[in-house]
Amino acid sequence: MINRWTFYLGIIVIVGFISTAFKPKILQNYQWTDVDEHSELQYHLPSQKVSDYNFLFLPYTGKFFIGFKEAIALKESQGQYDLVNSLGYLGKYQFGTAALKSIGISSSEQFLNNPDLQEKAFVALLKINKWQLQDLIKNYKGKVIDGVRITESGILASAHLGGAGSVRRFLESNGKRKIKDNYGTSVKSYMRDFGGYETQNIIAKPTTKV
């Protein structure tokens with residue numbers, strides 16, 4: 001009987017000893033874990049600074065504007081600033097030379113080697129496209145065409161793919177004109193895939209230089 005109680009007591013002691021190893025230390029001694037209601041948590045991402053996203057391979061997928069940019073970049077180039085495709089389109093957002101010239105950029109080499117310039121160029125072209133398509137945004141926003149709900153961000157993304165004229169032809173034909181780029185990507189697919197993002201703060205301008 002004594003041996004049996006000794007056995008059980010030994011088990012209890014061993015279990016108690018092991019369990020103490022998993023108890024947390026007193027957290028008050030470590031200020032980095034002590035957050036009260038007045039503390040402000042700072043996260044690296046998402047960030048308002050474009051530079052924090054320059055070398056990300058996975059985009060922030062929220063519906064904010066930064067999500068819009070990174071989603072288009074992923075589709076266009078996998079987010080690569082130095083990419084030149086087989087048709088000569090350049091950079092993270094795949095600009096053609098004509099589009100670059102329209103916003104004041106004449107050097108393709110300078111453009112490819114300057115991520116900050118590429119980000120500014122993307123916003124500049126959005127402003128121009130929004131100016132050119134503001135009547136369509138007003139008249140078609142919220143409507144469903146060819147199974148796609150039309151949004152401002154979808155219109156702007158489609159214009160980046162095929163130009164403002166392609167978007168106009170698609171919408172004004174009620175989706176009957178199937179507009180595609182040289183790789184077979186359709187205006188309709190961009191209208192669908194990039195709908196609902198926050199682009200309202202983009203200011204429409206007839207001309208913009210970077």
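**Notebook: Ser166, the cores and the largest pocket**

I began with one side chain and found that a polar contact of 3.2 Å joins the side chains of Ser166 and Arg169. I keep in mind throughout that this is a predicted model, and that every value in these entries is computed from it.

Next I looked up where Ser166 sits, and I found it in helix 8, which covers residues 164-172. Is Ser166 buried or exposed? Its relative accessible area is 6%, so I enter Ser166 as buried, the cut-off being under 20%. Leaving aside residues up to four places away in sequence, I noted that Ser166 touches Ile179 and Val187.

I then stepped back to the protein as a whole, where I counted 9 helices and 2 strands. Read from the N terminus on, the elements run α-α-α-α-α-α-β-β-α-α-α. Of the 210 residues, 39% count as buried, and the accessible surface comes to about 13,500 Å², with 56% of it belonging to carbon and sulfur atoms. Among contacts with a separation of 6 or more, I found that 61% are between residues 24 or more positions apart.

My following entry concerns the largest nonpolar core, which has 27 residues, and in which Phe68, Phe95, Phe111, Phe122 and Phe194 have the most contacts inside the core. Which elements give two or more residues to this core? I listed helix 2 (65-77), helix 4 (108-112), helix 5 (115-132) and helix 7 (152-162), and I noted that helix 5 gives the most, with 7 residues. Apart from this core lies another, of 16 residues, which includes Ile150, Ala159, Phe170 and Met191.

Because Phe194 had come up in the list for the largest core, I also looked up what this residue touches, again not counting residues up to four places away in sequence. Its partners are Phe68, Ala71, Ile72, Lys75, Thr151, Ser153, Gly154 and Ala157.

Last, I turned to empty space, since rolling a probe the size of a water molecule over the atoms shows where it is left. The largest pocket has a volume of about 640 Å³, and I found 30 residues lining this pocket. Which of them lie nearest its centre? I wrote down Tyr89, Gln94, His160, Leu161 and Gly162. At least two residues of the lining are supplied by each of helix 2, helix 3 (97-102), helix 5, helix 7, helix 8 and helix 9 (187-193). Helix 8, where my entries began with Ser166, is thus one of the elements noted for the pocket lining.

Definitions and conventions: Residues numbered from 1 in each chain as written. Predicted model: local features only at pLDDT ≥ 70, side-chain atom pairs only at ≥ 80, totals over all residues. Heavy atoms only, no water. Helix = DSSP H or I, 4+ residues; strand = E, 2+ residues; numbered from the N terminus. Buried < 20%, exposed > 50% of the residue type's maximum accessible area, 1.4 Å probe, protein only. Contact = heavy atoms within 4.5 Å. Areas by Shrake-Rupley, 256 points an atom, 1.4 Å probe, with all protein chains shown as cover. Polar contact = N/O pair within 3.5 Å; in protein donor to acceptor, adjacent residues only side chain to side chain. Core = buried A, V, L, I, M, F, W, Y, C linked by side-chain atoms within 4.5 Å. 1 Å grid on protein atoms, 1.4 Å probe; cavity = no way out; pocket = protein on both sides within 12 Å on 5 of 7 lines; lining within 4 Å. Points joined across faces, edges and corners; volume = space filled by probe spheres on them.
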